[in-house]
Every structure is written in structure tokens, then in C-alpha cells.
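Me: Got a minute to walk through this one with me? I'd like a quick tour, one topic at a time.

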Amino acid sequence: MILLCGIPSESPLAMVAHALEKLGTDYRILNQRDVADYSIAWQIVAGEVDGTLCLGTKTYRLADIDGAYFRLMDDRLLPELEGEADGSPARRHARAFHDALYRWLEVAPGRIVNRSDPQGSNGSKPYQAQLILQYGLQVPETLITNDPNLVVAFQREHGTLIYKSISGVRSIVQALGEDDLARLDQIRWCPVQFQAMIPGNNMRVHVVDQEIYATEIISDTLDYRYARRNGGSAELRAAVLPSDIAERCVALTHGLGLAFAGIDLKITPDGEIFCFEVNPCPAFSFYEANTGQPISLALARYLANRA
Amino acid sequence: MVIVLCEESDMGALWAADRLRSQGLAVTIITGADLATADRWEHRVGQAGVTFELELAGGRQFSSHEVGGVLNRLSYLPAAWIQRVGGSDRDYAIQEMYAFYLSWLHSLREPLLNPPAPQGLCGNWRHPSVWVTLAGRAGLTTPIYRQSSDDDPDAFWKLATVPAPTTVFVVNEQVIVQAGMPEQLRDPCIRLARAAGARLLGIDFTLSTAGEWCFAGASVMPDLFRGGEPLIGALAEALVA
């Protein structure tokens, strides 16, 4: 049995549920919004993990769950808990249930997409970039500093720079402009990340175990995720990666301990390929909806262990 | 030059630095307070490699190629830096600085005890349930671990901080077993340290009434005093390897 955890109407989860149905695979949805009716209890005995999960009136043995795909929202923000005081029984139960679920997912045997621990590299972009380099992919020249003079010298060396968060906090990528240079002294209290701007088209590569789906994005904005908001456009189309790059993407995904990843590449006009980031919990639905690439089906096959 | 990175309150690390010096190692201590007031950070990642330069208040400078051998005892950002951060962007600033430290520490040359992990700057600060699983798979006798949606999640972390009577240390696959403990613990302890990706690991044991040594917990930032001179010897060897 496959367990899908999160909000059932969220596109990636809904797409995987649909794909599992297509495959005829037995699955259950753990809807976070019903947490009040759920409970879980498990144990580890001599390295073996087992227990029970109760979803409403149904009880399941955890050892019977062969795979799980989870996209859990922060349980503190569940609409059902709105208005509940901190420490109320409902909040305490939701927290305790989610913690017990998370902890089980970390040690459960089976195909878990993805365990929390290996997702951690995404919390620091330059740390992840160092790991990416180990797998033979190029990364943009990056400087992290609190010294304004170094930034000016870096700009002289590389031309247009962009700056973005160092951590996994989502930030809109910005080009370093004259206004930013005028306030550069503000970086003295906390180092900031600057990168040489790489021209070219973005490529999102979804790796599912050994399968790979590359999507090229043609956009007239710096950060295509916000193209519409900024009055720009973004066109997505299925693409084919050079085989050596595809192999590196698969090796990188596995090396990070992930079964599923969304890798952000950029292809320069000269054909050079740079890797920006590996997203360990990619919202692939945007790419599947725009290209028809069967990413959800690949994920369902992986969860069901049907190569 | 061997560096000991630690909070100024980490008496075990300061003691270890002193003892390592007595073994003839050139040891420099960089404390959290030193880092909190650093004048200049420069950290580069690119095709030419990964480098850093750090200039502390008072002019002390460190760079990638000068540092060789680090005893890393920074489990989190320096307390002295966190105390200086306020305002509405405080949480964001802390996340940014943590991400920066993770990358900087990862760029330090080997030998590095311990390399940082996203879940802890001196190694992965695992949940007790994960340690019990890894220890069981490594072949150690483990207690039964239970968790349910009726439990207070914080209670599991509190349990992990209760000191156990005996600690075995693994330093680069060298095992320091306390007197009276069976030699058979060596291999499972090495397997556990390997599985944890830790070059320095303290593994706590309790002795059951049946006379069996039972895994009680593990830490990537163990109490160094407990290892005594044998641990210092192993650290000295590992830090100049």
C-alpha cells in the first residue's frame, strides 16, 4: 500500500493519486486537515520498525506501507486550527501526530519520497553548490562576503551580478543595480551571496530514481517563477539533455540521498550548462501541466516499485 | 595549524586544546565570540574551487590553505552573534547566517572532526529514534523505542540529554572503550559512526541488570573529559592525519 500525505487538492499530490489509480495501485490519502481524527503509534525493536496508523475509523499496519509520498504543510497553519490557542488540546494533538509521523517516515523501510534528512542540503545554496561540484556539474561563480569592496571587485571581474538568499528561504533573484551598490555598506553585519549572472535559458530537470524529464523554460524575466507577476512571459517545453549531463543529474540526486528531485540548470548561448540548485520537494505539477511530461506517473511507478 | 572551533563556555574543547598542545600540536582556538565579531568574511564557490578568508577583530587572519586539522565543536551559530541580532528580520538573518556557516565549515580542509551537516554545524544532531535505528542496524543492543500521537514530541529530546554512565568514543574508526567494557563493542561502534558519517562520535551505554551493555544514545559533540588522555591521543593522531 502507498501512503500519500498532505492536502489532497494540492496539485502534485492529486496528480500522484491519479497516477496511482491509473496503475491500479492500492493507496490511501492522509489528509492533514482531518488530523483530529487520526492517530499513530509505532516502535523500534532491535532495528525493526512497526506500528499502526489510524485514519478515522480505519486502522493500518505501518509495516504494510510500502511507499509514501509526502508534501506536508506546516501543521500550525492548518485552517482547522485557526482560532485555537497555543497549547490547546487540538494543537497539541496535531503537533504530536505530525511529529510522530515525521519520525516514522525517517526510519520506515520502504520507498519514502523524500525523507527529511537528505532534504537538508537545500537549506544552504553554497553548501549544496559544493556537493553539486562533486558530481561534475558547473555552478555559477559565487562570492559570499560582508566586504563591499570585494563585491565591487567581483562585479568588475564578472560583469552583471545577481544576489539571492544563502538559505533555503525563497527569495526573488535580483540583479545588482546602482541602487544596491549605493547601499552596499549594509552587508557588513551579515554576509550576502552574489553570483555571476549566467545568460541563457533555464532548464528544470526532474529526476525520479533513474528516469529523467527535462523542461526548457523560455522567459524574458530574470526569475521565470515570477514572470507573470512582473509582466513577463514563460514558455515551457520538453527537452532532451546531453547524456553525460543526464547521468550526472541522476548521480547527484542519488548522491544527495533523494529518490525525487527538481534540478535547476541554465544553458548558455555557448551550450555551457550550469547547475543552480537541487529542489528536494519539487512542485512538478507546473511543468507537467505545461508540457504533458508524465512525471507523476514516473513517481507513482517508483512508489509502487514498478520499473 | 590545528584549529579548535568552540563556544567560549565549552570547557571540554578548551581542555582538549590544552592537552593537544601538550602533545606538541600547534593549536589555535577560535571561539564563538571571535566569530561573532569577525571583521571580514570572504567565501568563494566556483570552478576554481572553494575557498574562504576570515579576518577576526584584532587582525587575526585565516584562510583555506593555512588551516589543516579542525576540531569543530560549533553545534549552532555562536551565541554571541545571535544575541546581537534583533528586529523584524531576525529569523531570516539567523537562517542566512546558519546557511553561510554550513557552507564555510564544509569548505574546511580535512581532517575535520566533525564535518557539518544541515542538521547540525558539528554533525547531524539526530533524533533519538534515528540513533536507536542506526545503532540497532549496526549490531548494538538497543532499548525499545516507542512514539505515538499521544506523546509530547519535546520529551524525546529531553530524554536524550540525560547522561549515561559510560561513553565509548570513535575517532576516525579508532575506538576508545572504557575499562570493563567488552571488546566486542568495537565493531558495532565503528559501524554506527560510519553510518552516522561522524569521525568523532560519543556513544553512551548503560549496563543492564543482566550484565549487557545497552545503547543509550550518541552525540557528535560528546563530553571530551570522559575520554581522558586516550581520547586526546586519538584526536591528536586524527587531526594531523
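**Chain B, then the rest**

Me: How many helices and strands does chain B have?

Reply: Chain B has eight helices and 12 strands. Keep in mind that this is a predicted model.

Me: And how compact is chain B for its 241 residues?

Reply: As compact as a globular protein of that length, because its radius of gyration is 19 Å and the globule rule gives 18 Å. Its C-alpha atoms fill a box of roughly 60 × 50 × 35 Å along the principal axes.

Me: What share of chain B counts as buried?

Reply: 45% of the 241 residues. Also, looking at contacts in chain B with a separation of 6 or more, 62% are between residues 24 or more positions apart.

Me: OK, sheets. What's the strand order in the open four-stranded one in chain B?

Reply: The order is β10-β9-β11-β12, with antiparallel pairing. β10 (174-176) and β12 (213-219) of chain B are the edge strands, each pairing on one side only. From one strand to the next, the twist averages 25°.

Me: How many bridges hold β9(B) and β10(B) together?

Reply: Three, in the antiparallel sense. V171(B) sits opposite Q174(B) there. The loop between β9 and β10 of chain B holds E173(B), which has a positive phi of about 75° without being a glycine.

Me: Is E173(B) buried, exposed or something in between?

Reply: E173(B) counts as partly exposed, because it has 13 C-beta neighbours inside 10 Å and the exposed class stops at 12.

Me: Which residues in chain A do the positive-phi thing without being glycine?

Reply: D209(A) is one, with phi near 55°. D209(A) is in the loop between β12 and β13 of chain A. It is partly exposed too, with 19 other C-beta atoms within 10 Å; buried would take 20 or more.

Me: Switching to peptide bonds. Where are the cis ones in chain B?

Reply: One joins E110(B) and P111(B), with omega about -5°. P111(B) is in the loop between α4 (90-106) and β7 (112-113) of chain B. Another joins L113(B) and N114(B), with omega about 0°, and N114(B) lies in the loop between β7 and α5 (128-138) of chain B. Most peptide bonds are trans, so those are worth a look.

Me: Now α7(A). What does its buried side pack against?

Reply: The buried residues of α7(A) pack against α4, β12, β13, β15 and β16 of chain A. Among those buried residues are I245(A), V250(A) and L252(A), and R248(A) is on the list as well. The helix has 13 residues and spans 18 Å, close to the 18 Å expected. Just after α7(A), G257(A) takes a positive phi of about 85°.

Me: How do β15(A) and β16(A) pair?

Reply: Antiparallel, over six bridges, with L265(A) opposite C275(A). They form a hairpin with five residues between the strands, and G271(A) in the turn has a positive phi of about 90°.

Me: Last topic, the interface. How many residues from each chain are in contact?

Reply: 44 from chain A and 42 from chain B. On the chain A side, α2(A) gives the most, with nine residues. By class that side has 22 nonpolar, 15 polar and seven charged residues.

Me: Which strands pair across the chains?

Reply: β8(A) pairs with β3 (residues 40-46) of chain B, antiparallel over four bridges. There, T142(A) stands opposite V45(B).

Technical notes. Residues numbered from 1 in each chain as written. Chains lettered and ligands numbered in written order. Predicted model: local features only at pLDDT ≥ 70, side-chain atom pairs only at ≥ 80, totals over all residues. Contact = placed C-beta atoms within 7 Å. Helix = DSSP H or I, 4+ residues; strand = E, 2+ residues; numbered from the N terminus. Nonpolar A, V, L, I, M, F, W, Y, C, P; charged D, E, K, R; others polar. Pairing = 2+ DSSP bridges. Rg over C-alpha atoms; globule rule 2.2 N^0.38 Å. Expected span 1.5 Å × (residues − 1). Axes fitted to C-alpha atoms, helices over the stretch in contact; angles between N-to-C directions.
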